[in-house]
Amino acid sequence: MLTPEAGFCQSNTDEQLLVNIGFREKVKVFSLIIQGVENFDDNAPLNVRIYTNKRMGFMDVDDHKPEQELELSLEQAMYGQPIKLNFVRFQNVSSVSVFIETNQGMAESTMISRLVITGMPIAGTDMNALKKVG
């Protein structure tokens with residue numbers, strides 16, 4: 001989790017920013033928070049694509065269909081408002097790639113201070129592992 005206290009993440013050559021996040025086990029993802037840096041409204045994310053279960057590079061983003069595309073309002077981007085994700089598409093997730101394509105003000109770089117993914121592990125009982133007692 002990237003938090004405002006830890007600083008910020010900034011794209012280095014243009015406004016595009018790509019973050020790949022892997023999980024230790026499969027999860028269900030419910031929502032996402034992407035927050036810009038205070039006093040840098042123009043550098044806050046605008047158009048975001050979310051991919052799952054693929055480690056993406058910049059060369060890959062146009063070759064694969066995202067699970068969800070988002071257009072963040074300035075309020076969502078600057079105040080860290082949770083964005084509900086399409087529940088059906090985020091059920092069996094081992095990794096998430098967040099591709100920020102553009103920012104709010106056509107600034108040269110995009111800056112984020114917070115990235116939070118809310119979800120839960122997929123927990124289940126292995127019925128084959130159960131043994132009769134007694």
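Aromatic rings of Phe, Tyr and Trp, the last represented by its six-membered ring, are treated as a pair if their centres lie within 6.5 Å. In this predicted model, the count under that rule comes to 2 aromatic pairs. In one pair, the ring centres of Phe30 and Phe87 are 6.3 Å apart and the planes meet at 5°, so the pair is stacked. The stacked pair joins distant parts of the chain, with Phe30 in strand 2 (residues 17–35) and Phe87 in the loop between strand 5 (83–84) and strand 6 (93–103), 57 residues apart. Phe30 has a relative accessible area of 30% and is partly exposed. Phe87 also counts as partly exposed, at 44% relative accessibility.

In the pair formed by Phe58 and Phe99, the ring centres lie 6.2 Å apart and the planes stand at 75°, so the arrangement is edge-to-face. Here too, distant parts of the chain are linked: Phe58 belongs to the loop between strand 3 (45–52) and strand 4 (68–71), whereas Phe99 belongs to strand 6, and 41 residues separate them. The burial of the two partners was also computed. Phe58 is partly exposed at 46% relative accessibility, while Phe99 is buried, with a relative accessible area of 1%. The value for Phe99 falls in the buried class because that class takes in residues under 20% relative accessible area.

The protein as a whole contains 1 helix and 8 strands. Along the sequence these elements follow the pattern β-β-β-β-α-β-β-β-β. Of its 134 residues, 39% count as buried. The accessible surface of the protein comes to about 8400 Å², and carbon and sulfur atoms account for 50% of that area. Among contacts between residues at least 6 apart in sequence, 83% join residues at least 24 apart.

The largest nonpolar core has 22 residues, of which Ile34, Val48, Ile50 and Val98 touch the most other members. Two or more residues of this core are given by each of strand 2, strand 3, helix 1 (74–79) and strand 6. Strand 2 supplies the largest share, 6 residues. The surroundings of Val48 were examined further. With neighbours within four places in sequence left aside, Val48 is in contact with Ile34, Gln68, Glu69, Leu70, Leu72, Val98, Phe99 and Ile100. Another core, of 5 residues, lies apart from the largest one and has Tyr51, Met56, Val61 and Phe99 among its members. Phe99 thus appears in this core, in the edge-to-face pair with Phe58 and in the list of contacts of Val48.

The search for internal space gave 1 cavity of 30 Å³ or more. The largest cavity has a volume of about 30 Å³. Its lining consists of Val29, Leu32, Ile50, Leu85, Phe90, Val96 and Ile117. Ile50 is also one of the residues that touch the most other members of the largest nonpolar core.

Thr52 is placed in strand 3 and counts as buried, at 6% relative accessibility. Not counting residues up to four places away in sequence, Thr52 touches Glu67, Arg89, Phe90, Val93 and Ser95. Phe90 in this list is also among the residues lining the largest cavity. Tyr79, by contrast with the buried Thr52, is exposed at 63% relative accessibility. Tyr79 is found in helix 1. The C-alpha atoms of Tyr79 and Gln35 are separated by 6.4 Å, although the two residues are 44 apart along the chain.

Backbone geometry was considered last. Most residues other than glycine have a negative phi. Asn39 is not a glycine, yet has a positive phi of about 70°. Asn39 sits in the loop between strand 2 and strand 3 and is exposed, at 68% relative accessibility. Met106, likewise not a glycine, has a positive phi of about 60°. The location of Met106 is the loop between strand 6 and strand 7 (111–112), and with a relative accessible area of 71% Met106 is exposed.

Note on methods:
Residues numbered from 1 in each chain as written. Predicted model: local features only at pLDDT ≥ 70, side-chain atom pairs only at ≥ 80, totals over all residues. Heavy atoms only, no water. Phe/Tyr/Trp six-rings, centres within 6.5 Å; stacked < 30°, edge-to-face > 60°. Helix = DSSP H or I, 4+ residues; strand = E, 2+ residues; numbered from the N terminus. Buried < 20%, exposed > 50% of the residue type's maximum accessible area, 1.4 Å probe, protein only. Core = buried A, V, L, I, M, F, W, Y, C linked by side-chain atoms within 4.5 Å. Contact = heavy atoms within 4.5 Å. Areas by Shrake-Rupley, 256 points an atom, 1.4 Å probe, with all protein chains shown as cover. 1 Å grid on protein atoms, 1.4 Å probe; cavity = no way out; pocket = protein on both sides within 12 Å on 5 of 7 lines; lining within 4 Å. Points joined across faces, edges and corners; volume = space filled by probe spheres on them.
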